[in-house]
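Please consider the aromatic side chains of the protein shown here, and how their rings are arranged with respect to one another.

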Amino acid sequence: MNIRKSILKKEGQKFPGRTYTEVVLAPAYEHAKQSLLEPMLAVHKAHLIMLVEQELLQVSGASQILAGISALDKEALLQSTYDGTYEDLFFLVEHQIMNVAGEIAGNLHLARSRNDMGVAMYRMVLRDKLLQAIESLLSFQETLLTVIDTYKETIVLGHTHTQQAQPMTFSHYLLGMFDVVDRDLKRLKAAYDTCNSSPLGAAALTTTGFPIDRNTVAKLLGFPKIIKCAYDSISGADYLGEIATAIQLTFINLGRFSQDFLIWSSQEFSAIRVADPYVQTSSIMPQKRNPVSLEHIRALSSSGIGNAQTVLQMLHNTPYGDINDTEDDLQPYLWKGLHLLDQVFRLTNVVVGTIEVNEALLKRRAQESFATITELADTLFREADIPFRTSHSIASQVVKIALDRGLNATHVTSVLVDEAAKAVIGFPLNLPEEIIRTAMDPEHFVKIRTLPGGPAPEEMKRAIVEREASLHQNISLYHAEVNRIKTCMEQLDQLTSHWGKTDEDEINTGH
């Protein structure tokens with residue numbers, strides 16, 4: 001027996017072959033029944049309503065088809081497994097509708113292809129998952145603003161190049177985090193807007209000769225607009241890439257923050273303490289408080305980046321046409337990525353919302369640090385009327401002398417400043433002790449930085465009010481969009497509720 005006959009004996013003589021079933025069709029069926037069944041039925045109903053409105057179907061026939069749709073046992077479909085009898089979920093559902101409605105149910109596929117229908121279902125699933133992820137980011141921002149308000153006067157050291165740089169507040173850091181998440185939201189919303197367009201009516205790729213109304217179907221399904229070019233409707237995949245890119249960048253940003261929090265929760269830093277529900281102890285070292293929640297946030301962020309990158313790689317160098325690369329095999333990675341985004345931000349929300357900050361320790365470190373030396377240089381420029389570069393050199397000399405003598409910033413006096421000045425410019429500055437002490441005070445450093453974007457408590461109050469207003473607007477827009485789509489889905493049943501009960505001429509579908 002040659003190899004061909006040997007393989008076909010095991011695989012079978014007709015479609016689908018056993019291995020193709022195991023590798024492709026069965027997994028795709030599992031994904032489809034869990035995620036695509038409800039969108040499929042919504043598309044069926046919207047298309048059916050439009051066919052009646054366009055007088056391509058009589059209400060009597062449409063009622064029969066609707067009865068077939070309504071008779072579907074969705075729970076049985078969800079529990080079913082792929083057996084190869086039908087190529088995929090679409091054909092199984094179509095068969096079951098025809099079993100109830102009869103041959104006329106075949107007209108449901110009038111002026112439609114699995115191409116435009118499939119893309120529509122994918123877009124509907126993705127927009128729902130995008131909204132779910134957006135909700136989690138908004139909820140995290142709400143919590144973050146509360147934490148920011150709590151710590152707006154908590155002095156900490158800011159770092160650049162991982163080294164102590166200047167005093168700021170813990171809220172100043174968190175506000176930067178808030179704004180990054182805000183941009184992540186903008187990218188996700190932009191991806192949502194691109195995704196939320198209807199391909200229906202494109203059919204296979206060239207539309208149809210029947211006088212259908214693409215805009216009606218789009219409106220019924222909650223799509224604000226149609227994809228203008230039919231070929232783009234079934235071939236364009238950049239909406240997938242835009243979602244993947246937004247997911248990827250959001251996880252990259254979150255991973256950077258989780259890394260900071262992990263370091264700060266170490267005993268060496270002791271800057272923050274993760275709440276007990278989100279730490280684990282060691283099986284052998286009872287003194288340990290392992291911040292495993294932060295580790296999972298970091299690891300899952302990396303996983304989310306990987307899922308998103310997989311999508312982009314799968315799109316790379318694929319033909320511009322209807323291809324399975326952008327359908328069955330790719331979609332689950334985006335679904336998983338968006339689900340992960342929702343889950344990880346929910347976890348981040350509760351972890352960040354319950355952290356404790358070691359305010360006394362952080363303030364003492366700021367006081368002892370030479371991070372205020374920038375303000376000393378500014379003060380020498382203002383009070384001694386010397387060029388800034390000269391004052392900068394004197395301040396630098398102050399640090400050098402202090403470190404050589406094992407002193408910290410609290411030991412800097414006017415005498416030490418005069419010693420440094422004589423070394424740099426040859427004469428003392430003779431500034432009052434109070435001026436030097438104020439210049440080296442980290443609270444003073446923060447308080448006078450009142451410019452927009454600065455860490456001063458008064459500026460932080462203004463910034464919080466500004467962010468709250470923007471956040472509340474975004475939350476309102478989110479709820480409005482969720483309710484809009486929910487209403488569209490509910491109207492699909494309302495618009496067909498009188499079919500079979502009134503004369504055809506009395507039917508008003510609302511369009």
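The following paragraphs describe aromatic pairs, an aromatic cluster and charged groups placed over rings.

The model is predicted. It holds 11 aromatic pairs. One of the pairs joins tyrosine 29 and tyrosine 82: the ring centres lie 5.6 Å apart and the planes meet at 55°, so the pair is classed as tilted. This contact links distant parts of the chain, since the two residues are 53 residues apart. Tyrosine 29 belongs to helix H2 (residues 18-35), whereas tyrosine 82 lies in the loop between helix H5 (74-79) and helix H6 (89-101). Tyrosine 29 has a relative accessibility of 4% and therefore counts as buried. Tyrosine 82 is also buried, because its relative accessible area of 13% falls under the 20% limit.

A further pair consists of phenylalanine 90 and phenylalanine 91. Their ring centres are 5.2 Å apart and their planes stand at 75°, so this pair is edge-to-face; planes over 60 degrees apart are assigned to that class. Phenylalanine 90 is buried, with a relative accessible area of 6%, while phenylalanine 91, at 28% relative accessibility, counts as partly exposed.

Elsewhere, aromatic residues gather in a group: Tyr151, Phe170, Tyr173, Phe257, Phe261 and Trp264 form one cluster.

Rings also face charged groups in this model. The charged end of arginine 123 sits over the ring of tyrosine 239, at 3.8 Å from the ring centre. In a second case, the charged end of arginine 449 is placed over the ring of phenylalanine 445, 3.6 Å from its centre.

Note on methods: Residues numbered from 1 in each chain as written. Predicted model: local features only at pLDDT ≥ 70, side-chain atom pairs only at ≥ 80, totals over all residues. Heavy atoms only, no water. Phe/Tyr/Trp six-rings, centres within 6.5 Å; stacked < 30°, edge-to-face > 60°. Helix = DSSP H or I, 4+ residues; strand = E, 2+ residues; numbered from the N terminus. Buried < 20%, exposed > 50% of the residue type's maximum accessible area, 1.4 Å probe, protein only. Lys NZ or Arg CZ within 6 Å of the ring centre and 35° of its normal.
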